[in-house]
Amino acid sequence: MQGIIRIRVDGDAPRARIERMETIGGVRFQTALLQMRSEDGMLDNLMLRQSVRLLALRGVTRVAAPDTPYMKSVLARYHIDAAPHTALLRALAPRVLAHVLRGTPNSAVLLYARGLDSDVLAAARYAAQHCRQLVLDFGARGESVRRRLMDETGAAALLDQVGVHASKTAVLLFDRPHPTFRVRLPHPVTVALCEGGAPAADFDDAHVAGGLYEPLVDTDREGVLSMVVSHDRAACSALEIVDLIKK
């Protein structure tokens, strides 16, 4: 079981804790939503420890949580691995494609991954079903995935990048690409679902980033991801994907 810890710090708001199940990209997560008054107060730390303990008792072994020294120490105490938020982004890969392509039928998608798992295969299946052309860059295992997609969906998934005439194209990087990696699809919107993926690609790219503390304005519809389309944080623009998390 995987978990999520979301924290909001507001010195004027009452402390609160909400425990619930969330489904993201078809994956179930045990989630703790914490409203804290400070980042290091005694009562706030106690509430955080209790939440982590409850997650451990419910069988959670990996948690996406704010990357702070105290959080790391509490997770280590209960033998829970800290999962970066990229684990959630990988699970959301089909929804990211849907957001970027916005239902355009004349679209092409390139998927880059060095290792295959359920997240990569889910994105490949989605692209095969909704896009005109799917390009796989999976290394030695690309041919087996291509044949599987042909059997399951009847789609023709190519192994190499070729010239296409598509009104919208998207590239998902599940792993950090080699420095010589290039995208030959026209005008791609490239999203890196891994740490360090965007700087390694030598083209106009985008990387996905989330805040350290995620807001809890509406706990029933909370969960906003930002795709920051620039290396220049001061001049970047953001695309918000909202309402992806349901109770």
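# A guided tour, stop by stop

Start by selecting leucine 75, which lies in helix H2, residues 69–77. Helices (DSSP runs of H or I, at least four residues) and strands (runs of E, at least two) are numbered from the N terminus. You are looking at a predicted model, in which local features need pLDDT of at least 70 and side-chain atom pairs count only at pLDDT 80 or more, while totals for chains, interfaces and linings use all residues. Residues are numbered from 1 along each chain as its sequence is written, and side-chain values use heavy atoms, with hydrogens and water left out.

**Around H2**

Is leucine 75 buried or exposed? Leucine 75 counts as buried because its relative accessible area is 2%; buried means under 20%, exposed over 50%, and partly exposed in between, with a 1.4 Å probe and protein chains only. Now add arginine 49 to your selection: arginine 49 and leucine 75 are 26 residues apart in sequence, with 8.6 Å from C-alpha to C-alpha.

Next, move to histidine 79, in the loop between H2 and strand E5 (81–83). Histidine 79 counts as exposed because its relative accessibility is 70%. Its phi is positive, near 60 degrees, in a residue other than glycine.

**Two more residues to pick**

Select glutamate 22 in strand E2, residues 16–24. With a relative accessible area of 0%, glutamate 22 is buried. Show isoleucine 4 too: the two residues are 18 apart along the chain, and their C-alpha atoms are separated by 9.0 Å.

Then jump to serine 167, in the loop between strand E8 (157–158) and E9. At 52% relative accessibility, serine 167 is exposed. Histidine 187 is 20 residues from serine 167 in sequence and 8.8 Å away in space, C-alpha to C-alpha.

**Helix H4 and the core**

Colour H4 and look at how it is covered: seven of its nine residues are buried. These are Ala93, Pro94, Val96, Leu97, His99, Val100 and Leu101. Just after H4 comes arginine 102, with a positive phi near 50 degrees.

Which residues touch the most other members of the largest nonpolar core? In this core of 29 residues they are Val109, Leu111, Leu134, Phe138, Leu149, Leu172 and Phe174. Helix H4 (93–101), strand E6 (107–112), H5, strand E7 (133–137), H6 and strand E9 (168–173) each supply at least two residues of this core, and H5 gives the most, with six. A nonpolar core here is a set of buried Ala, Val, Leu, Ile, Met, Phe, Trp, Tyr and Cys residues joined through side-chain atoms within 4.5 Å.

**A charge over a ring**

Zoom in on tyrosine 112 and arginine 114. The charged end of arginine 114 sits over the ring of tyrosine 112, 4.3 Å from its centre (the rule asks for NZ of Lys or CZ of Arg within 6 Å of the ring centre and within 35 degrees of the ring normal).

**Last stop: a cavity**

Finally, select Leu121, Ala124, Arg125, Val145, Arg148, Leu149 and Glu152, which line the second largest cavity. Helix H5 (118–130) and helix H6 (142–153) are the elements that give two or more residues to this lining, and the largest share, four residues, comes from H6. A cavity is a set of points on a 1 Å grid over the protein atoms alone where a 1.4 Å probe fits but cannot get out; lining residues have an atom within 4 Å of a point. The second largest cavity holds about 40 Å³ of space, with volume taken as the space filled by probe spheres set on the points.

Methods. On a 1 Å grid over the protein atoms alone, a cavity is a set of points where a 1.4 Å probe fits but cannot get out, and a pocket is an open set with protein on both sides within 12 Å along at least five of seven lines; lining residues have an atom within 4 Å of a point.
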